[in-house]
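Trainee: Could you walk me through this one, a question at a time? I'd like to see how each answer is reached.

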Amino acid sequence: MIDQTLLNLLACPKCKGTVQAYGPEALSCATCKLAYPIRSGIPVMLIEEATRLG
Ligand SMILES: [Zn+2]
């Protein structure tokens, strides 16, 4: 699970809002309804890499 301190440092690249853990290998932005993948422990905060939440 991703560290809360790291989460606080991260922002959604689209709306600059806060992100939250979305399962063990993704972060989500509730505002944009996007999920950003975590690859090898590194959050990939790129709109192009995000997947839309259902
Ligand atoms: Zn967002």
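Mentor: Happy to, and terms come first: helices (H or I, at least four residues) and strands (E, at least two) are DSSP runs, numbered from the N terminus, and two strands pair if DSSP finds at least two bridges between them. This is a predicted model, in which local features need pLDDT of at least 70 and side-chain atom pairs count only at pLDDT 80 or more, while totals for chains, interfaces and linings use all residues. Residues are numbered from 1 along each chain as its sequence is written.

Trainee: Thanks! What pattern does the chain follow when read along the sequence?

Mentor: Start with the inventory: there are one helix and five strands. Reading along the sequence gives the order α-β-β-β-β-β.

Trainee: In the hairpin of β1 and β2, which residue takes a positive phi?

Mentor: β1 and β2 are antiparallel and pair over two bridges, with A21 standing opposite L27 in β2. Four residues lie between the strands of this hairpin, and the one with a positive phi, near 70 degrees, is G23.

Trainee: Moving along, how many bridges join β2 to β3?

Mentor: β2 covers residues 26–29 and β3 covers residues 34–39, and they run antiparallel. Two facing pairs help you place them: A26 is opposite P37 in β3, and C29 is opposite L34 in β3. In their hairpin, which has four residues between the strands, K33 has a positive phi near 55 degrees. The number of bridges joining β2 to β3 is four.

Trainee: β3 also pairs with β5, so to speak; which residue in β5 stands opposite A35?

Mentor: β5 spans residues 51–52, and its pairing with β3 is antiparallel, over two bridges. The residue in β5 that faces A35 is T51.

Trainee: And which residue in β4 does R39 stand opposite?

Mentor: β4 takes in residues 42–43 and pairs with β3 in the antiparallel sense, again through two bridges. The two strands form a hairpin with two residues between them. Opposite R39 stands I42.

Trainee: That turn caught my eye. Why does S40 count as exposed?

Mentor: S40 sits in the loop between β3 and β4, and its phi is positive, about 55 degrees, although it is not a glycine. Most residues other than glycine have a negative phi. As for burial, a residue is buried if 20 or more other C-beta atoms lie within 10 Å of its own, exposed if 12 or fewer, and partly exposed in between, with C-beta atoms placed from the backbone. S40 counts as exposed because its C-beta neighbours inside 10 Å number 6.

Trainee: Where is K16 found?

Mentor: K16 is another residue other than glycine with a positive phi, near 65 degrees. It has 9 C-beta neighbours inside 10 Å, so K16 counts as exposed. Its place is the loop between α1 (4–9) and β1 (20–21).

Trainee: Now the inside. Is A26 buried or exposed?

Mentor: A26 lies in strand β2. Two residues are in contact if their C-beta atoms, placed from the backbone, lie within 7 Å, and, not counting residues up to four places away in sequence, A26 touches A35, Y36, P37 and I38. Because A26 has 20 C-beta neighbours inside 10 Å, it counts as buried.

Trainee: Which elements give two or more residues to the largest nonpolar core?

Mentor: A nonpolar core is a set of buried Ala, Val, Leu, Ile, Met, Phe, Trp, Tyr and Cys residues joined through C-beta atoms within 7 Å. The largest one here has nine residues: C12, V19, A26, L27, C29, L34, A35, Y36 and A50. The elements that supply two or more of them are β2 and β3.

Trainee: C12 is in that core too. Which residues is C12 in contact with?

Mentor: Neighbours within four places in sequence are left aside here. The remaining contacts of C12 are G17, V19, C29, T31 and C32.

Trainee: Last one: what radius of gyration does the chain have?

Mentor: The radius of gyration is taken over C-alpha atoms, and the globule rule is 2.2 Å times the number of residues to the power 0.38. For 54 residues, a compact globule would come out near 10 Å. The C-alpha atoms fill a box of roughly 20 × 20 × 15 Å along the principal axes. The chain agrees with the rule, having a radius of gyration of 10 Å.
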